[in-house]
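Here are some friendly exercises to work through with the model open beside you. Try each one before reading its solution.

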Amino acid sequence: MEIQAWLATIPPLAVYTLVTVVILIEMLGVPLPGEIILVSGALLASQGVVDPLWVGVCATFGACVGDSLGYLIGRKGGRPLFTRLGRRFPHHFSESNIATAERAFDRWGAWAVFFGRFVALLRIFAGPLAGVLRMPYGKFLAADLPGGVLWAGGTTAVVYYLGVIAQEWLHRFSWIGLLLAVLAGALSTWYIKRRARRATQRLMAAGPADADGAPGTGAPVSIPEGGSTSRPAPVPVTD
């Protein structure tokens, strides 16, 4: 049974509670389908099953409180926390994913917390990683609260109004409205995933310039034996 169909079978209070709890736990660093729950709740709101305002409020509360708790856990647990999470969730907390998230924090600082809401890879890392890296809590909170409001409230509003429009089309244009709604949803999903994938690829390619790698690529520099990196002198060519 699809999540949205299942949510429609439970009372509205249970829907609000589920949206809050799932998103809160996801922000602690546990890979749960928080965004799917949020979108499903917003679609139910467009059908009049639940109140869109409460869906947005609960999602925002879960996102912000969950991130703050994740920050405290990361600050207390330190880097060994990711080692333990990597054993439990190897797909999400692989060394490459952690390195990509760290590069984002090194490059963007608090902006990584703000924009991390909209990138699946960074969303579950933002709170715990900020704590592990000892980012000042005031700086973290200043980026986290606006990001949480924009992600949770904005997603709820956009999905809600798209759902309302789709419902109107279905009533007015029957199968034509259904086709257009499905097409719009597919294009929106494709665009969001494309932007998130490109952002992740840029992060993975944006390694800091240091002695161990080439600037902006993170690729190692090959050094021959003896430690010299100079090029060999050209061999003169004689006729």
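**Warm-up. Find how many helical turns separate Trp-111 and Phe-115.**

Solution. Trp-111 and Phe-115 sit four residues apart in helix H7, so about one helical turn separates them. Helices here are DSSP runs of H or I with at least four residues, strands are runs of E with at least two, and both are numbered from the N terminus.

Some ground rules before we go on. This is a predicted model, in which local features need pLDDT of at least 70 and side-chain atom pairs count only at pLDDT 80 or more, while totals for chains, interfaces and linings use all residues. Residues are numbered from 1 along each chain as its sequence is written, and side-chain values use heavy atoms, leaving out hydrogens and water.

**Exercise 1. Describe the overall make-up of the chain.**

Step 1: count the elements. The chain has eleven helices and zero strands, giving the pattern α-α-α-α-α-α-α-α-α-α-α along the sequence.

Step 2: look at burial. Of the 239 residues, 38% are buried. Buried means under 20% relative accessible area, exposed means over 50%, and partly exposed lies in between (1.4 Å probe, protein chains only).

**Exercise 2. Check the end-to-end spans of H2, H3 and H6 against the expected values.**

Step 1: set up the estimate. The expected span is 1.5 Å times one less than the number of residues in the helix.

Step 2: apply it to H2. Its 16 residues should span 22 Å, and the end C-alpha atoms lie 23 Å apart, which agrees.

Step 3: turn to H3 (residues 34–46). With 13 residues, H3 reaches 19 Å from first to last C-alpha, close to the expected 18 Å.

Step 4: finish with H6 (residues 95–108). Its 14 residues reach 20 Å, close to the 20 Å expected.

Step 5: inspect what follows each helix. Gly-29, after H2, has a positive phi near 110°. Just after H3, Gly-48 has a positive phi of about 80°, and just after H6, Gly-109 has one of about 65°.

Step 6: add a residue that is not a glycine. Arg-134 also takes a positive phi, about 60°, and this residue lies in the loop between helix H9 (126–132) and H10.

**Exercise 3. Work out which helices supply the largest nonpolar core.**

Step 1: identify the central members. The core has 19 residues, and Val-19, Ile-23, Leu-38, Val-50, Ala-59 and Trp-151 touch the most other members.

Step 2: assign the helices. H2 (12–27), H3, H4 and H10 each supply at least two residues of this core. The largest share, six residues, comes from H2. As for the term, a nonpolar core is a set of buried Ala, Val, Leu, Ile, Met, Phe, Trp, Tyr and Cys residues joined through side-chain atoms within 4.5 Å.

Step 3: compare with burial lists. The buried residues of H2 include Val-19 and Ile-23, while those of H3 include Leu-38. For H6, the buried residues include Asn-97, Thr-100 and Glu-102.

**Exercise 4. Classify two aromatic pairs by their geometry, one with Tyr-71 and one with Trp-111.**

Step 1: choose the descriptors. A pair of aromatic rings is described by the distance of the centres and the angle of the planes. Rings of Phe, Tyr and Trp (its six-membered ring) pair if their centres lie within 6.5 Å; planes under 30 degrees apart count as stacked, over 60 as edge-to-face and the rest as tilted.

Step 2: take stock. The structure holds eight aromatic pairs. In one of them, Tyr-71 and Phe-140 have ring centres 4.9 Å apart and planes at 25°, so the pair is stacked.

Step 3: place the pair. Tyr-71 lies in H4 (residues 52–77) and Phe-140 in H10 (residues 137–173), so the pair ties together parts 69 residues apart in sequence. Tyr-71 counts as buried at 2% relative accessibility, as does Phe-140 at 0%.

Step 4: return to the warm-up residues. The rings of Trp-111 and Phe-115 have centres 5.7 Å apart and planes at 25°, so this pair is stacked. Trp-111 is exposed at 53%, and Phe-115 is partly exposed at 42%.

Step 5: look for a cluster. Ring pairs link Tyr-71, Tyr-137 and Phe-140.
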